[in-house]
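User: I'd like to practise reading a model feature by feature. Could you take me through this one?

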Amino acid sequence: MPVTDSIADFITRIRNAGSAKNKTTDIPYTRVRENLSKLLVEKGYIQNYTVIKTEEDKFPLIRVELKYTADGRHAIKEISRVSKPGRRVYQGKDIKRYLGGLGLFILSTSKGILTDKEAREQNVGGEVLFRIY
């Protein structure tokens with residue numbers, strides 16, 4: 001079954017795996033999903049990710065290792081899509097902070113996928129993909 005919103009599918013798979021207390025989750029590979037995984041590792045929301053390519057499968061997967069606190073709670077408290085296929089949300093160079101800087105907005109900019117802080121530093125705007133806390 002084709003997925004119409006691959007970023008929403010990425011977010012939902014991570015959210016569902018965290019709710020089920022799974023250690024890993026497999027997500028179909030796209031370059032955007034790999035870049036998002038890389039950013040989430042850098043910011044400490046997930047443990048690690050690996051691109052899995054097998055000979056028998058035509059399509060590679062991204063295996064995301066989820067991160068939990070010492071008391072067993074998921075490191076991601078909230079993750080939700082902002083810009084959707086039916087309603088795109090763009091932010092100019094004056095990007096606001098999410099939860100006063102505790103959370104992050106993830107943006108797709110002309111300089112790649114960046115957090116709200118990085119976009120402010122580089123003085124660029126873009127499409128707000130999702131927010132995470």
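User: Let's start with one ring: is phenylalanine 105 buried or exposed?

Analyst: First, a word on what you're looking at: this is a predicted model, where local features need pLDDT of at least 70, side-chain atom pairs count only at pLDDT 80 or more, and totals for chains, interfaces and linings use all residues. Residues are numbered from 1 along each chain as its sequence is written, and side-chain values use heavy atoms, with hydrogens and water left out. Now the general idea: buried means under 20% relative accessible area, exposed over 50%, and partly exposed in between (1.4 Å probe, protein chains only). Phenylalanine 105 counts as buried because its relative accessibility is 9%.

User: And how do I read an aromatic pair? Which residues form one here?

Analyst: A pair of aromatic rings is described by the distance of the centres and the angle of the planes. Rings of Phe, Tyr and Trp (its six-membered ring) pair if their centres lie within 6.5 Å; planes under 30 degrees apart count as stacked, over 60 as edge-to-face and the rest as tilted. The structure holds 1 aromatic pair. Tyrosine 98 and phenylalanine 105 make it up, with 5.2 Å centre to centre and 50 degrees between the planes, a tilted arrangement. Tyrosine 98 is also buried, at 9% relative accessibility.

User: Which lysine lies over the face of tyrosine 133?

Analyst: The test for a charge over a ring is that NZ of Lys or CZ of Arg is within 6 Å of the ring centre and within 35 degrees of the ring normal. Here lysine 77 sits over the face of tyrosine 133, 5.3 Å from the ring centre.

User: On to charges meeting charges. How many salt bridges does the structure hold?

Analyst: A salt bridge is a side-chain nitrogen of Lys or Arg within 4 Å of a carboxyl oxygen of Asp or Glu. By that rule there are 9 salt bridges. One of them joins the side chains of arginine 33 and aspartate 9, at 3.1 Å from N to O. Arginine 33 is in helix H2 (residues 31-42) and aspartate 9 in helix H1 (residues 6-19), so this pair ties together parts that are 24 residues apart in sequence. Both arginine 33 and aspartate 9 are buried. There's a network here too: salt bridges link Asp9, Arg13 and Arg33.

User: What about arginine 88: what does it form a salt bridge with?

Analyst: Its partner is glutamate 127, with the closest N and O atoms 3.0 Å apart. Arginine 88 is in the loop between strand S4 (79-81) and strand S5 (90-91), while glutamate 127 is in strand S8 (residues 126-132), so the pair links distant parts of the chain, 39 residues apart. Check the burial on each side: arginine 88 is partly exposed at 42% relative accessible area, whereas glutamate 127 is buried at 14%. Another salt bridge pairs arginine 73 with aspartate 71, again with closest N and O atoms 3.0 Å apart, and aspartate 71 is exposed at 53%.

User: You keep naming helices and strands. How many of each does the chain have?

Analyst: Helices (H or I, at least four residues) and strands (E, at least two) are DSSP runs, numbered from the N terminus. The chain has 3 helices and 8 strands, and from the N terminus on the order is α-β-α-β-β-β-β-β-β-α-β.

User: What does serine 37 touch?

Analyst: Contact means heavy atoms within 4.5 Å. Serine 37 is in helix H2 and is buried, at 0% relative accessibility. Not counting residues up to four places away in sequence, serine 37 touches Phe10, Ile46, Tyr49, Ile62 and Val64.

User: And where is serine 80?

Analyst: Serine 80 is in strand S4, and counts as buried at 16% relative accessibility. Leaving aside neighbours within four places, the contacts of serine 80 are Ile11, Arg15, Phe130 and Arg131. Serine 80 and arginine 15 are 65 residues apart in sequence, yet 9.0 Å apart in space, C-alpha to C-alpha.

User: One backbone point to finish: which loop holds lysine 21?

Analyst: Lysine 21 is in the loop between H1 and strand S1 (24-28). Its phi is positive, about 60 degrees, although lysine 21 is not a glycine. Asparagine 123 also has a positive phi, near 60 degrees, and is found in the loop between helix H3 (116-122) and S8.
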